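Student: Please take one part of this model and go through it closely. I want to know how it is built and what it packs against.

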Amino acid sequence: MEIKISIRKANDATSVIELVGEIDVYTSPKVKDAVSGLIDSGIYNIIIDLAQVKYIDSTGLGVLIGGLKRVREHGGSVHLICNNPQIRKIFDITGLVKIFGIFDTEEAALRALK
Amino acid sequence: MTGSDSIELAIPRRAEYVAVARLSVAAIAGRLRFSIEDVEDVKLAVAEACTGAIARGSQLGGRIELLFEGGDEALHVRVVAFAPLSDLQELRGDHGQGPRIGALGSYLIRALMDEVRYEKGSHGALDLIMSKRQQFV
């Protein structure tokens, strides 16, 4: 199983991490490196695009939570793009839907960051 | 797969093999005619069990053994030597205060499966036993 990660700027203050594949105990360290790298470079508003993620487990959720904790220390946010019902269900049952902004599109996520 | 069939799977106790268990149980649940949503639930629960077994069971041998059995319109999964016996209190949630290993994973297993329990297995360690019933619409 692999995860493809691409990072781009949405604007001066916000970057988008686009993930394609599956996030599990094997691939989540790579996602963690991507999130940490952005934060270390001073980007504190991050949109993580999960639209093409087919699967996420607790280690993946842990990476997202860790990233959110770090950016909040700098007044930032992590917003998620997620329109896969099965992935969304995981956020619902863990209660994480209450701490992440979860949106259907990048435009909606960007609007919420303004 | 009929109701009484059973399947055994052993994978190395390493992260890169969790996907093998995940995909295997998806095929088994599909054979039992579980709904797509229930297949996804079982996949995640088994993956979380394997992830927990990796985190907790490094001293319990280099392999994770999984036993799958279909019966009573349910899928039963036993993860052999999931954790050391000393983890029982923590796994049952009566460990008091303090951080727990894989708490989110354990929570997901309980949320996604219909029955979850731990029992002393033949290897002197804790087995994790979990079941998912078929939903008939």
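Tutor: What follows is a close look at chain B, with a short look at its partner at the end.

First, the ground rules. This is a predicted model, in which local features need pLDDT of at least 70, side-chain atom pairs count only at pLDDT 80 or more, and totals for chains, interfaces and linings use all residues. Residues are numbered from 1 along each chain as its sequence is written, while chains are lettered from A and ligands numbered from 1 in the order in which they are written.

Start with the layout. Chain B has 4 helices and 5 strands. Both are DSSP runs numbered from the N terminus: helices are H or I with at least four residues, strands are E with at least two. Read from the N terminus, the order is β-α-α-β-β-α-α-β-β. Of the 137 residues in chain B, 39% are buried. Buried means that 20 or more other C-beta atoms lie within 10 Å of the residue's own; 12 or fewer means exposed, and anything in between is partly exposed, with C-beta atoms placed from the backbone. Take the contacts in chain B with a separation of 6 or more: 70% of them join residues 24 or more positions apart. A contact here requires C-beta atoms, placed from the backbone, within 7 Å.

Now the sheet. The 5 strands of chain B form an open sheet in the order 1-2-3-5-4, with antiparallel pairing. Two strands pair if DSSP finds at least two bridges between them. Strand 1 (6-12) and strand 4 (115-120) are the edges, each pairing on one side only. On average, neighbouring strands of this sheet are turned by 20° against each other, direction ignored. Axes are lines fitted to C-alpha atoms, for helices over the stretch in contact; angles run from 0 to 180 degrees between N-to-C directions. Strand 4 and strand 5 (residues 125-133) of chain B are antiparallel and joined by 6 bridges. In strand 5, B:Ser131 is the bridge partner of B:Glu115.

Two helices lie on this framework. Helix 1 of chain B packs on the sheet and touches strand 1, strand 2 (63-71) and strand 3; its direction makes about 170° with that of strand 1. Helix 2 of chain B lies across strand 2, strand 3 and strand 5, and runs at about 10° to strand 3.

Next, the interior. The largest nonpolar core has 39 residues, and those with the most contacts inside it are B:Ala45, B:Val46, B:Ala49 and B:Val79. Such a core is a set of buried Ala, Val, Leu, Ile, Met, Phe, Trp, Tyr and Cys residues joined through C-beta atoms within 7 Å. Helix 1, helix 2, strand 2, strand 3, helix 4 and strand 5 of chain B each supply at least two of its residues. Helix 2 gives the largest share, 9 residues. Look at B:Ala45. Beyond its neighbours within four places in sequence, B:Ala45 is in contact with B:Leu108, B:Ile109, B:Leu112, B:Met113 and B:Met130.

Two backbone oddities deserve a check. Most residues other than glycine have a negative phi. B:Arg33 is not a glycine, yet its phi is positive, about 65°. B:Arg33 sits in the loop between helix 1 (18-31) and helix 2 (36-56) of chain B. B:Arg33 has 13 C-beta neighbours inside 10 Å, so it counts as partly exposed. B:Ala81 also has a positive phi, near 55°. B:Ala81 lies in strand 3 (residues 74-84) of chain B. B:Ala81 is buried, because 23 other C-beta atoms lie within 10 Å.

Finally, the partner. 16 residues of chain B are in contact with 12 residues of chain A. Helix 1, helix 2 and helix 4 (103-112) of chain B each supply at least two residues of the side that touches chain A. Helix 2 gives the most to that side, with 6 residues. The residues of that side of chain B divide into 10 nonpolar, 3 polar and 3 charged. Here Ala, Val, Leu, Ile, Met, Phe, Trp, Tyr, Cys and Pro count as nonpolar, Asp, Glu, Lys and Arg as charged, and the others, Gly among them, as polar. Inside chain A, strand 2 (residues 14-23) and strand 3 pair in the parallel sense over 9 bridges. A:Ile17 stands opposite A:Ile48 in that strand 3. Strand 3 (residues 45-56) of chain A has 9 of its 12 residues buried, so it is largely enclosed by the rest of the structure.
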